[in-house]
Amino acid sequence: MSALVAAATPTTTWYLVLAAVLFGIGTVGVLVRRNPLVMFMCIELMLNAVNLSFVALAKRLGDIGGQTTVFFVMVVAAAEVVVGLGIIVSIMRKRPGANVDDISALKG
Amino acid sequence: MGAQTINYPAIDWLAIAPLIILLSGMMINLVIAALTRVWPRAWYAIGTVVLAVAAIIVEMFIWHDINQDGSRIIINNALSIDHFAMFCWIGIAGALALVSLSTAEYLRREDLEGPEMYALYICAAIGAMIMTASNDMIVLFLGLETLSIALYVLAASHRRRPDSQESGLKYFILGGFASAFFLYGIALIYGSTGTTNISGIGNVLSTEVFVNGDDAMLLAGIALLIVGLAFKVAVVPFHFWTPDVYQGAPTPVTSYMASVGKFAAFAALLRVVTTALPTRAEDWRPVIWVLAILSVVVGSVLAVVQTDVKRMLAYSSISHAGFMMIGIESIGHSGDVEGLPATLLYLMIYSVLVIGTFTVVSLVTRTGDDGSDIGSFRGLGKERPALALAMTVFLLAQAGMPLTSGFIAKFGVIQAAAANESYAIAIVAMVASVIAALLYLRIMISMWLSDEESGDDKREAIKVPFSAGIVVAGAAFFTLLVGVWPGWLIDAAQAALQLAK
């Protein structure tokens with residue numbers, strides 16, 4: 001029993017694996033979803049997966065640097081939200097309900 | 001628990017003066033834009049040019065300062081101030097000046113508002129400059145995002161053209177996607193080396209022997225980092241956003257993306273491979289080799305079959321990125337001796353060329369910025385011979401014609417490849433540049449030799465405003481000057497070899 005409990009104690013590796021899985025879900029989401037808002041949320045998921053790995057790695061290395069990095073990434077993600085939503089809103093205002101397959105005048 | 005003191009890093013104000021000049025200029029620009037109702041359009045362009053020139057002058061001082069005191073790493077190992085950084089900073093500030101000039105009349109013609117355009121140009125330039133000088137992966141990431149976020153808005157800034165908005169959306173989604181890969185690469189490299197400092201990573205990798213687990217993490221990190229940067233510089237197979245974004249974005253913005261965006265991302269890639277990962281050259285060199293070959297071939301071949309000039313030039317920019325990758329590949333063989341100056345030289349020459357080319361395109365697309373079909377160039381030789389002549393110079397240079405700057409650029413990277421016995425890559429590159437020459441020839445034939453078709457006389461006459469004329473003439477002068485007398489620029493690029501590590 002105690003061996004089982006010891007095996008089930010989370011280590012940093014667990015968090016790294018979770019982060020990798022989240023990153024993978026985000027990647028697949030960007031590739032398969034067609035709504036710009038959802039694609040954008042998937043990108044945010046990828047960034048936050050990276051944040052999780054930064055924190056886990058900082059814990060493993062006993063280094064504060066990785067944890068402070070997360071704040072920088074959060075600020076960047078917030079700035080991306082502002083700009084991204086601005087672009088999406090200005091498109092949606094002209095073409096309500098458009099998905100990325102509708103927004104494809106440019107090709108060749 | 002006593003009060004803890006925070007150790008502030010010493011700040012070398014002279015070295016970051018160009019950044020401060022641009023930043024304060026941007027703030028002043030925004031404040032004036034917010035306080036005045038009717039804005040005098042030309043003044044913002046002139047103001048931006050003055051800022052850029054002031055930044056270039058200070059950068060010249062720093063260049064001289066480095067000559068005397070040597071290169072250094074400042075602000076707690078965050079920024080490297082060396083000839084490499086100054087070379088890039090001068091190039092970026094120069095591009096900022098040229099593009100602001102060509103934007104001035106564009107905004108008037110398209111009836112767009114826009115002191116914000118100039119503020120965003122300056123913001124992007126600051127991000128690009130931080131990227132080229134960064135000595136820390138996180139600083140590099142912040143610079144990259146400052147550049148990219150400004151460029152997303154710029155790409156979508158022509159509010160009446162749906163194409164522009166589509167271009168902004170595509171650039172934003174794929175740029176954010178690439179940034180996430182890049183950041184994950186940083187995280188994994190941090191996990192395996194324990195630092196995000198670029199020279200720190202180099203030190204760790206040159207001393208420590210890795211156990212297997214850490215090595216896998218490091219290799220995954222390097223791979224993700226290269227994928228992220230390859231998206232930003234637009235090399236095959238990470239290029240698919242480029243044609244759409246270049247075509248849809250307002251033409252001056254396209255020229256800015258192709259010059260400053262490439263400059264910054266390639267400089268960052270150069271710094272990472274020469275400072276952080278030189279001991280891992282065996283691991284990343286094959287990847288760069290594949291990217292380089294694919295880019296020169298696919299870029300050239302797909303460029304030839306396009307009918308839209310902006311798309312053609314987008315594919316040709318992919319092929320040029322492949323040539324720059326050849327320079328980086330040769331760094332993987334023998335260190336930075338040949339590859340680094342050759343790539344920097346290529347970047348500087350290509351930036352000026354691409355700004356000149358796209359400025360001509362932006363004049364030929366006429367009001368509405370929609371006429372970028374190759375037919376719009378029909379009869380340009382008769383209507384505006386000087387403009388057509390300048391375009392011919394740019395196109396010949398892009399094709400790598402001797403006595404133009406493009407020859408010096410291509411010769412440099414192919415020489416670097418040959419010196420390292422990468423003959424395969426050198427031969428493929430030369431064959432591809434012959435294929436790409438067809439494309440430049442098509443535009444030239446359209447300008448000089450095509451017969452007029454019915455309806456051509458009803459087209460709007462092409463106006464060449466004074467400010468755009470300066471840009472075209474200046475870029476053409478630079479192209480020919482470097483082609484005939486390249487020594488000074490090659491010496492400057494050679495000086496960049498003394499990296500601050």
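Visitor: Let's start with a cysteine. Is Cys42(A) buried or exposed?

Guide: Keep in mind that this is a predicted model. To read burial, look at the relative accessible area: under 20% counts as buried. Cys42(A) comes in at 12%, so it is buried.

Visitor: And what about Cys88(B), buried or exposed?

Guide: Cys88(B) has 0% relative accessibility, so that one goes down as buried.

Visitor: How many disulfides does the structure hold?

Guide: Zero, over all chains. The test is distance, with the two sulfur atoms needing to be within 2.5 Å. Take Cys88(B): its closest cysteine sulfur belongs to Cys123(B), and that sits 19 Å away, so it is too far for a bond.

Visitor: On to the two chains. How do I read the area buried between chain B and chain A?

Guide: People often give the size of an interface as the accessible area lost when the parts come together. Here, chain B and chain A bury about 3400 Å² between them, and carbon and sulfur atoms give 76% of that. In residues, 39 from chain B are in contact with 44 from chain A.

Visitor: How many salt bridges and polar contacts are there between chain B and chain A?

Guide: The rule finds zero salt bridges across this interface. For polar contacts, the count is four residue pairs, both partners at pLDDT 80 or more.

Visitor: Which helix of chain B gives the most to the side that touches chain A?

Guide: Helix 6 of chain B, with 21 residues. By residue type, the side of chain B that touches chain A splits into 21 nonpolar, ten polar and eight charged.

Terms used. Residues are numbered from 1 along each chain as its sequence is written. Chains are lettered from A and ligands numbered from 1 in the order in which they are written. This is a predicted model: local features need pLDDT of at least 70, side-chain atom pairs count only at pLDDT 80 or more; totals for chains, interfaces and linings use all residues. Side-chain values use heavy atoms; hydrogens and water are left out. Contact means heavy atoms within 4.5 Å. Buried area is the accessible area (1.4 Å probe) that two parts lose on being put together, summed over both. A salt bridge is a side-chain nitrogen of Lys or Arg within 4 Å of a carboxyl oxygen of Asp or Glu. A polar contact is a pair of N or O atoms within 3.5 Å; within protein, one must be able to donate a hydrogen and the other to accept it, and residues adjacent in sequence count only if both atoms are side-chain atoms. Helices (H or I, at least four residues) and strands (E, at least two) are DSSP runs, numbered from the N terminus. Ala, Val, Leu, Ile, Met, Phe, Trp, Tyr, Cys and Pro count as nonpolar, Asp, Glu, Lys and Arg as charged, and the others, Gly among them, as polar. Buried means under 20% relative accessible area, exposed over 50%, partly exposed in between (1.4 Å probe, protein chains only).
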